[in-house]
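Reader: Hi! Could you walk me through this one? I'd like to ask a few quick questions as we go.

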Amino acid sequence: MTQPFQIIAETDGGGRRGRLHLPHQSVETPVFMPVGTQGTVKAVAQDVLESLGAEIVLGNTYHLYLRPGHEAIRRMGGLHRFMSWPRALLTDSGGFQVFSLNALRKVTDDGVRFRSHLDGSSHCFTPEHSVDVQIALGADVCMAFDECTEYPAERTRAQESLRLTMAWARRSLDHFRAHRHEVPWQEDGARSPFPGPQVRGTGGTQSLFGIIQGGMYRDLRRECAERLVEMNFDEMGFDGYAIGGLSVGEPRALTLEMIAEVLPLLPKDKPRYVMGVGYPDEIEQYARMGVDMMDCVLPTRAARHGLLFTSEGRLNIKNKQYAEDQNPPDLACDCPVCRRYSRAYLRHLMQAGEALSGTLNTIHNLAFYLGIMRRVRGELEAGSN
Ligand SMILES: [Zn+2]
């Protein structure tokens, strides 16, 4: 049997070139994962994501649970089939959105009660419920339910948050191991009625990652990592480890310090995921340190606001200086947008409020991010010994 995570090359600096074997896709790592909040990477169609080389995208449990509902998605064969995405998917636990979108939430040891940001209706997420929703969605990788510690946070607050996250990790793991056979694509022989790609699992099971919290306290981060690594169900621990609660407003040196503190404590044969980062130079730096997976809304969100990431830095396409600039957005980029359109045209689309503006800007930014990881993978492979 193929190992779920295979390390192909390692460097002295700790960087790893790997391959994560998931039921719907073998993902080349280090990987950047575009964020598809509501079952779509905003403004970009699935066939374009495929052509850009995206091998795994994120779905948001909180949003999909509220609309269209996880049971509806389960009845339609799971999120892969619903959104016609044949490659890998990762779902978050919903915790981050519950905490960031709900001022009136109520947290107890059992879970979090909150009101929908759509219609004000009352809901409760527990670790068990979050896992059930993620199994119904059928992502290749699920996340344990955690509490994301805000920044800044007093030590006592970070400690309490860590206590809750550990208890919830235990319950997430137990519930996941007992129920993961309920995934909608497990025994799925049905063919899609569409002529598009056949969306089906290729065997294997869903994975569950644990999440390390601890605020900006090095010892709490260490404690959290050590306890999560020890945690297991029938001698099977988490399938991977995520570092959460970063990029929440802290200075970048602190983000780096927390990642550097935790990485050496994690098992080498499991993937490591830093959630919610970052700028192009950050994802490159973390990948070289041994982070295998990252996700961020930055390239997609910034694109819709006219901010393009290029080999020469950031370019704000709204600026008047591009009004008659016939160069491509990035002279060094060979993405479909840079091969075809000028800065002047992209600026015009933005000024005119055209829907194509967000689409083209997003395609370039994603191509740029995915290109960085492709280059880093090549360099890690060449630089290993
Ligand atoms: Zn481009």
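Reader: Thanks! Let's start small: where is Ala43 found?

Author: Happy to help. One thing up front: this is a predicted model. Ala43 is found in the loop between strand 5 (35-36) and helix 1 (46-52).

Reader: And what is phi of Ala43 near?

Author: Phi there is near 80°, a positive value in a residue other than glycine. For background, most residues other than glycine have a negative phi.

Reader: Good to know before I set up anything. Which peptide bonds are cis?

Author: One of them runs from Thr29 to Pro30, with omega near 0°. Another cis bond joins Arg67 and Pro68, where omega is about 5°.

Reader: Where do Pro30 and Pro68 lie?

Author: Both are in loops. Pro30 has its place between strand 3 and strand 4, while Pro68 lies between helix 2 (61-66) and helix 3 (70-75).

Reader: Switching to sheets. What order do strands 1, 2 and 3 take?

Author: They form an open sheet in the order 1-2-3, with antiparallel pairing. Strand 1 (5-10) and strand 3 (25-29) each have a single partner strand, so they stand at the edges and one side of each is left without a neighbour in the sheet. From one strand to the next, the twist averages 15°.

Reader: How many bridges are there between strand 1 and strand 2?

Author: Five bridges, in the antiparallel sense, with strand 2 covering residues 16-22. If you want a spot to look at, Glu10 stands opposite Arg16 in strand 2.

Reader: Nice. Which helix packs on that sheet?

Author: Helix 13 (residues 355-383) does, touching strand 1, strand 2 and strand 3. The direction of helix 13 makes about 120° with that of strand 2.

Reader: What about the sheet with strands 8, 9 and 10, which strands are at the edges?

Author: Strand 8 (106-107) and strand 10 (122-125) are the edge strands, each pairing on one side only. This is another open sheet of three strands, antiparallel, in the order 8-9-10. Strand 8 is joined to strand 9 (residues 112-115) by two bridges, and Lys106 stands opposite Arg113 in strand 9.

Reader: Now voids, my favourite. How many cavities of 30 Å³ or more does a search of the whole structure find?

Author: The search finds one. The volume of this largest cavity is about 60 Å³.

Reader: What lines the largest cavity?

Author: The lining is Glu28, Pro30, Val31, Phe32, Gly53, Glu55, Leu370, Met373, Arg374 and Arg377. You'll recognise Pro30 from the cis bond with Thr29. Strand 4 (31-33) and helix 13 are the elements that give two or more residues, and helix 13 has the largest share, with four.

Reader: So helix 13 turns up again! How does that lining split by class?

Author: Yes, the helix that packs on the sheet of strands 1, 2 and 3 also contributes to the cavity wall. The split is five nonpolar, one polar and four charged residues.

Reader: And pockets? What volume does the largest pocket have?

Author: About 950 Å³. It is lined by 42 residues, and the closest to its centre are Phe96, Gln97, Gly276, Asp295 and Val297.

Reader: If I centred a box there, which helices supply at least two residues of the lining?

Author: Helix 5 (95-101), helix 9 (252-262) and helix 11 (298-304) each do. Helix 5 gives the most, with five residues. By class, the pocket lining divides into 15 nonpolar, 17 polar and 10 charged.

Reader: Last topic: at what angle do helix 7 and helix 8 pack?

Author: At about 10°, with their axes 11 Å apart. Angles under 35 degrees count as roughly parallel, and helix 7 and helix 8 are therefore roughly parallel to each other. Helix 7 covers residues 155-179 and helix 8 covers residues 218-230.

Reader: Which residues meet there?

Author: From helix 7 they are Arg155, Ala158, Gln159, Leu162, Met166 and Ala169. From helix 8 they are Asp219, Leu220, Glu223, Cys224, Arg227 and Leu228. Together the residues of this contact divide into seven nonpolar, one polar and four charged.

Reader: Great, thanks for the tour!

Definitions and conventions:
Residues are numbered from 1 along each chain as its sequence is written. This is a predicted model: local features need pLDDT of at least 70, side-chain atom pairs count only at pLDDT 80 or more; totals for chains, interfaces and linings use all residues. Side-chain values use heavy atoms; hydrogens and water are left out. Two strands pair if DSSP finds at least two bridges between them. Axes are lines fitted to C-alpha atoms, for helices over the stretch in contact, and angles run from 0 to 180 degrees between N-to-C directions. Contact means heavy atoms within 4.5 Å. Angles under 35 degrees count as roughly parallel, over 145 as roughly antiparallel, 65 to 115 as roughly perpendicular and the rest as oblique. Ala, Val, Leu, Ile, Met, Phe, Trp, Tyr, Cys and Pro count as nonpolar, Asp, Glu, Lys and Arg as charged, and the others, Gly among them, as polar. On a 1 Å grid over the protein atoms alone, a cavity is a set of points where a 1.4 Å probe fits but cannot get out, and a pocket is an open set with protein on both sides within 12 Å along at least five of seven lines; lining residues have an atom within 4 Å of a point. Grid points are joined across faces, edges and corners, and a volume is the space filled by probe spheres set on the points.
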